[in-house]
Every structure is written in structure tokens, then in C-alpha cells.
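Hi,

Here is the structure I promised to pass on. Have a look first, and my notes on what turned up follow underneath.

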Amino acid sequence: MRYLAWFTLGFCGLCTLWAYLPLWSVATALGLLGLFLLVFWKKNEFRRIFLTVLIGILAGSLWFSIYQLGLRDVQALDGRTVAGTVTFLEDSRATATGQSVRCRLEAEEGRATVRLFLYSGEKLKAGTTYSGRFRLRRDATGNYAGRGEFLTASPVGGLTEGPTAVVPLHTRLRSTILDLLDEVFPSDTAPLARGLLLGDTMDVPDSLNVALKRTGVRHVVAVSGLHVSVLCVLLLVLCGRRKNLAIFLCLPVMLLFVLMAGATPSAIRAAIMVSLMLLAGVVHREYDPPTALAFAVLCILLGNPYAVRSLSFQLSVGSVAGILAFSQRIFRYFQGKYFPKQKFARKCLAYFYGSVSVTMGAGVFSVPLCALYFGEVSLIGFLTNLLGLWAVSFAFYGILLSILLGAIWLPLGKIAAFLTGLLLRYFIALVRGLSAFPLAAVYTRSLPIALWLGFSGMLLAVFLWHRRRPVVYAGACALALAIAIAFSWLTPLGENYRVTVLDVGQGQCVVLQSAGRTYLVDCGGSTGQKSADAAMEYLYSIGIFRIDGMILTHPDADHINGAALLAGRMPIGETYGIADTDVLITQRTEITFADCKITVFPGLTSGTDNEKSLSVLFQPGKRAILITGDRTVAGENALVAAGLPNLDYLVVGHHGSDTSTGETLLSATRPLCAVISVGANNRYGHPDQTVLDRLAAYGCTVLRTDQNGTIIIRG
């Protein structure tokens with residue numbers, strides 16, 4: 001009986017509830033578990049398990065309470081603006097608006113590890129110190145809390161740079177290795193080499209990042225169990241059969257590697273499990289992977305119970321749990337179907353069966369997590385893993401060799417990097433080629449795809465419970481997927497037109513569709529990544545892999561910051577705009593096809609960029625939809641003077657700012673419905689209440705992306 005595994009299950013379950021849900025839900029869960037325990041109390045096969053889980057829950061509750069006491073400084077600093085000093089604990093990382101970095105904050109009100117956001121494009125080194133005033137907020141997303149960064153910080157006013165602080169050895173070594181990688185590897189392979197070795201993905205091109213996600217191998221550039229395992233294999237080979245030497249060498253090297261990689265939960269989990277495996281060999285004890293996984297999880301949660309909110313933790317633990325639970329069964333099934341007698345053929349087929357089994361096992365829990373967090377499910381991940389992971393493993397060794405030789409003599413390092421680059425280029429070509437297939441991945445933005453994913457999960461539970469033939473399960477899932485894709489792709493074709501206002505946060509991205517043509521009006525949002533992802537995933541999910549044209553109303557970031565990224569991901573016909581586009585709009589321009597017409601109105605010739613904003617009138621048949629961009633009332637009045645029909649829908653100007661959507665426009669067009677593209681809790685206070693009152697006075701139905709999500713208008 002694996003008591004540690006059951007204890008950890010209870011401990012981890014309690015931490016998860018407490019980290020995500022309010023206290024009353026935790027109490028309810030404990031009450032339900034106690035009731036369940038009483039029901040099965042007399043059944044010996046359940047009694048010990050439930051008692052062990054319950055003890056784990058109680059221990060988890062106690063530890064979480066104690067840990068909360070240690071966050072008193074965090075609670076005291078939350079929501080305040082304080083004067084203090086920050087010390088960079090790592091090199092800064094590029095963000096959509098500047099740089100972010102893990103820092104140690106020291107102020108009179110308390111001390112805390114924070115995630116600092118700077119509106120500067122300059123990369124800053126670990127050890128940098130700044131003094132000034134900082135606005136602090138509790139990390140509500142949990143993205144950073146899993147790493148012990150419970151507060152986010154942003155500077156208020158100017159900062160004063162102080163003396164450089166002492167940097168830990170592993171941080172200096174990481175920076176040195178990354179710099180050396182840039183020297184020995186050419187520019188086309190250096191970003192991938194940085195990602196493969198230490199998880200540094202800042203310079204990985206967006207198009208390659210998308211290809212890695214679509215093909216299900218994004219984990220190769222996020223330091224995980226794969227990297228730790230490959231490193232351990234190398235060290236074991238170097239040590240031969242000398243177990244004591246292996247322990248002496250592997251443990252400190254793995255510890256240093258994990259620290260250099262940022263001590264992510266996935267790397268810590270892998271290092272603990274590998275260490276237990278090595279120790280088991282030395283003390284002549286049997287290594288039990290489920291118990292090792294439970295011990296690793298327990299160690300991570302004792303260090304930080306909020307790690308359960310970390311995606312790295314969830315994917316790592318979920319993948320290993322799936323492998324341990326299902327991979328061996330899958331392998332035995334394949335082995336029983338066909339296993340040749342020839343030795344070479346047996347080895348080749350065993351490798352193939354093993355790769356497929358591990359990939360399928362890992363996907364049992366990781367696929368739903370990826371769907372939940374990224375809205376994406378790779379359909380060819382098993383193929384990419386089969387064809388590409390061998391190259392990744394050898395490339396990892398080649399990168400290490402290149403660094404070693406480069407440190408001795410740079411030309412030697414470049415020769416090794418050139419040879420390693422052949423493997424990296426093969427891997428890049430592989431993922432780019434496979435990601436180009438339309439069905440490389442599907443997206444849960446499509447309701448039929450989301451339903452298919454849920455159906456497949458329920459079908460898997462039935463299959464495991466009743467032990468049906470795998471071919472029946474696979475066939476049923478494939479048939480359901482085909483139906484879901486057909487429904488997603490064919491539904492828009494049966495509509496006369498469709499207008500989609502995507503939820504991109506504080507920005508605008510509108511898709512116009514009719515008669516088999518697709519046009520995009522703006523592609524910007526809270527970040528360029530978010531708007532490009534939203535547009536690509538939506539279009540791919542309805543079977544659109546090419547945009548006929550893109551109209552950029554004006555150069556504000558929240559309208560165009562995703563346009564270049566999207567252009568690198570899928571072909572776009574002509575781009576219309578007021579600068580640096582294929583078609584410069586200086587006069588009224590009409591795009592006609594079938595019974596549809598798109599009219600692009602030029603903006604005012606003077607004033608701010610908002611006043612120069614283009615406006616777009618989409619007229620499919622007898623319908624009329626107007627997009628005014630960020631035009632002010634003066635620009636709207638010019639539109640009315642140019643002649644506008646009565647509107648069915650108005651995409652409200654400037655995200656509901658009080659400078660737009662004036663009386664003149666509303667009285668002239670009488671829109672039936674107003675759509676506002678706006679980010680939740682944005683710092684501008686959009687939409688303004690006066691605009692909402694004005695729309696209500698004209699009888700407009702109001703839809704908002706911050707409340708309704710992506711809004712689809714069809715007819």
C-alpha cells in the first residue's frame with residue numbers, strides 16, 4: 001500500500017482547494033470527505049486509504065495556515081505604494097510593454113519577493129538595484145505566486161540606480177552560459193539552443209513558438225523533466241557502473257542545473273525523482289516511481305503550497321502521473337498485437353511502441369490542462385515527439401559540448417555548435433512543416449471542439465472502467481472529432497455574413513466574413529500576443545487559414561500591436577491603413593464582392609492619431625455595421641456628413657471613451673445594437689457611463705467584450 005502517495009493526494013488536494021477557492025469551500029470539502037469516510041468505514045479496502053487521505057488533508061490544512069502566517073509582510077504591502085529598494089535576482093525578461101524581473105523588495109513596511117514590471121526596453125542584469133516608489137498588488141492570477149512572487153510591482157515616478165549587489169554563483173553562471181551560446185551558435189539556432197538548455201525563450205521567434213505549441217512540443221524550450229533526465233543519462237554514462245561516483249557527481253550537478261534554469265516546479269520534481277532513483281540503487285532498495293512522484297510533490301508543496309497554481313507544476317505532475325498510470329498498459333497492448341522475432345526489428349519496434357505509449361500516457365492529463373489554459377489541443381503531438389525528441393536529446397548533449405569547447409577555445413565551440421545546429425535546424429524544419437497542416441491542432445474557442453474534448457474524456461473513463469478494445473475508443477474519438485470539425489467549419493459557410501468582435505482585452509480586433517471572404521479590422525489588444533492568438537485561434541477554429549485583407553484604422557498599439565505577429569503566422573492579402581501598408585487610404589475606398597461592400601472612410605487630415613482614424617462600414621446585403629476606430633466626435637461628424645445609412649450594429653468608438661459616440665452619430669444612424677470592445681477593469685475607466693447612458697437613451701442594446709467575451713453577430 002503506497003501510503004505516501006495517498007497522503008500526498010490529500011495534502012495536494014487541500015492546497016489546491018485553498019489556493020483556488022474560498023475558505024467555506026474547503027470546509028465543505030472536508031465535511032463531504034468525512035461523510036464519505038463514515039459510509040465506507042466498515043469496508044477495510046477503503047478505510048485505510050480514506051484515513052490516509054484525511055490525514056493528508058488535515059496536514060495540508062495545518063501547513064497552509066502556518067504558511068499564511070509567513071505572508072504577513074505580503075498582506076501588509078498589498079495595495080500600497082511604498083518607498084523602498086529592489087534588487088534584481090535574475091536578468092530581466094522582455095514583455096509586451098518593457099521588461100519584467102524577479103526582485104527582492106526591502107521597505108520600511110516589510111520585505112517580499114516581487115515581480116517588477118518596467119516600461120523600458122533595455123535588458124537589465126541580475127544584481128541591479130533601484131530605489132524609488134513602487135505600487136504593489138497581490139498577484140491575483142497565480143502565475144507568479146507559484147514561484148513565491150506574491151506581489152507585482154510597478155514604479156511610480158523615476159527610479160535611482162544603486163550599487164550592484166552580489167549575484168549568486170548559479171545566476172552568474174547562467175548569464176555567462178547564455179552569452180557564450182550567443183557567441184558560438186549562429187543567429188538562426190542560438191534562440192532555440194538557449195531555450196533547450198536553460199529555458200530562455202525571449203529570443204525565440206513568435207512563428208517558431210506557435211509551431212512548437214501547435215505540434216505539442218512547447219515543453220522542449222521550458223526546462224522540464226526531459227532536460228533533467230537527459231542530463232542525468234549523460235552523467236551516468238560518464239560514471240559507468242560506479243554508483244557512488246554517480247551520486248557524488250549527479251546530485252550537485254542537477255542541483256546547480258535546476259537553480260540555473262530558474263528552479264521551476266517541473267525541474268525540481270524531476271531532480272527529486274532522479275535523485276531518489278540513484279539513492280535507491282546505492283542503498284539496494286527498490287525504486288517505486290509513484291512513491292517518488294508523491295515525495296517530490298510533497299517537497300515542492302512544503303516549500304510553497306501555492307505551487308499548485310503553477311502551470312509548470314500541474315503539467316509536470318500530470319504528465320508523469322499519466323505516464324505511470326497508463327503508458328505500461330498501452331505498451332503491453334501494442335506488444336501483444338505484434339512483436340517480431342528478429343532482434344533488430346524488436347528493438348526498433350520497442351522504441352516506437354515506447355515513444356507512442358509515453359506520449360499517449362502523458363497526454364491523458366496534460367492535454368486537458370493545455371486545453372484549459374491555452375485553448376489548444378495538438379493532434380500530431382505524438383508524431384512530433386516520435387520524429388523530433390531524439391534530435392532534441394542529442395542536441396542537448398551537443399549544446400553542452402559546444403559550451404565546454406567554447407570556454408576552452410571559441411573556434412572549437414563554433415565547430416561543435418555548427419554540427420549541433422544541423423540537429424536544431426532539422427527540429428525547427430520538422431515543427432514548422434508539421435504545424436503548417438491545417439489540423440495540426442484544434443482550438444476550444446470552437447464550442448464543438450470543446451464538446452468533443454469533454455466527450456473524449458468521458459469516453460476514456462468508460463473505456464478504462466469497462467476495459468473495451470482501444471481501437472473502439474480511438475475510432476469513436478476520431479469520428480466525434482471529424483463531426484466537431486465539420487460542424488465548426490461548415491456552420492459559417494451557411495451564413496450570409498458574420499461579424500466577430502474578439503475579446504482581446506483593452507483593444508480591438510474585428511473579423512468580417514461574407515461570401516467566402518474574410519477581412520480583419522485592426523489586430524491589437526492588451527498585448528500583441530493576446531490579440532494575435534485570439535485572431536489566429538478563432539480563424540483556424542472555423543477553417544479559415546488565409547485573410548483576404550486587413551484594415552488598420554490607426555497606429556495606436558491597442559489596435560495594431562498584434563498585426564505583425566499575425567502576419568507571420570498566416571498569409572494576409574492586402575493591408576489597408578494610413579501608413580506603412582500595402583494600400584494607403586487617403587480617400588473613400590470601396591471593396592466589393594458578391595452582394596457585400598466594405599467602405600473605408602479616411603480620417604481627418606489634422607489632429608491626433610485618433611482623429612485621423614479610419615472608419616469601416618460593412619454592408620452585407622441590406623445590413624449595415626459601422627466600426628469607427630478611435631474617432632472623436634469631430635471625426636464622427638465628418639462621417640455623418642459623408643453619408644451613412646441606418647445601422648444595425650455599431651462598434652462603439654474608442655472603447656467607450658466619452659470623446660466618442662456623440663449625439664450627432666447616434667441620431668443620424670439610429671443603431672439597434674452597440675458593441676464595445678473593452679478590457680475588464682481597465683485603467684482608463686472605459687466604457688464611460690455617459691456613453692452608456694447615451695446609448696440607452698437611443699434604445700441601443702449594449703454588448704461588451706469584458707462582460708460577454710467574444711461577440712459573434714451572424715445573419
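**Pockets, cavities and a sheet**

The lining of the second largest pocket splits into 18 nonpolar, five polar and two charged residues. Before you read further, bear in mind that this is a predicted model.

That pocket has a volume of about 780 Å³. Of its 25 lining residues, Leu9, Leu293, Val317, Ala321 and Phe365 sit closest to the centre. Four helices each put at least two residues into the lining: H1 (3–20), H11 (289–303), H12 (311–337) and H13 (343–374). H12 gives the largest share, with nine residues.

Then there are the enclosed spaces. How many cavities of 30 Å³ or more does a search of the whole structure find? Three. I looked at two of them.

- The largest cavity holds about 70 Å³ of space. Around it are Pro438, Leu439, Ala441, Val442, Tyr443, Ile449, Ile485, Ser488, Trp489, Tyr540, Ser541 and Phe545. Strand E8 (441–443), helix H17 (470–493) and helix H18 (528–541) each contribute at least two residues to that lining. By class, the count is ten nonpolar, two polar and no charged.
- The second largest cavity comes to about 60 Å³. Its lining is Leu196, Leu226, His227, Val230, Val392, Ser393 and Phe396. Here helix H8 (225–239) and helix H14 (381–408) each supply at least two residues. Five of the lining residues are nonpolar, two are polar and none is charged.

H18 also leads on to the sheet. This helix lies across strand E9 (497–501), E10, E11, strand E12 (547–551) and E22, and runs at about 160 degrees to E11. So H18 has a part in two places: it helps line the largest cavity, and it lies across strands of the sheet.The sheet itself is open, with seven strands in the order E14-E13-E12-E11-E10-E9-E22 and mixed pairing. Which strands are at the edges? They are E14 (583–584) and E22 (711–714), each of which pairs on one side only. As a reminder, strands of a sheet pair through backbone hydrogen bonds, either parallel or antiparallel. In the middle of my notes is one pair I checked residue by residue: E10 (residues 508–514) and E11 (residues 517–524) are antiparallel, with six bridges between them. Serine 514 has arginine 517, in E11, as its bridge partner.

Shout if you'd like to go through any of this together.

Cheers

Terms used. Residues are numbered from 1 along each chain as its sequence is written. This is a predicted model: local features need pLDDT of at least 70, side-chain atom pairs count only at pLDDT 80 or more; totals for chains, interfaces and linings use all residues. Side-chain values use heavy atoms; hydrogens and water are left out. On a 1 Å grid over the protein atoms alone, a cavity is a set of points where a 1.4 Å probe fits but cannot get out, and a pocket is an open set with protein on both sides within 12 Å along at least five of seven lines; lining residues have an atom within 4 Å of a point. Grid points are joined across faces, edges and corners, and a volume is the space filled by probe spheres set on the points. Ala, Val, Leu, Ile, Met, Phe, Trp, Tyr, Cys and Pro count as nonpolar, Asp, Glu, Lys and Arg as charged, and the others, Gly among them, as polar. Two strands pair if DSSP finds at least two bridges between them. Contact means heavy atoms within 4.5 Å. Axes are lines fitted to C-alpha atoms, for helices over the stretch in contact, and angles run from 0 to 180 degrees between N-to-C directions.
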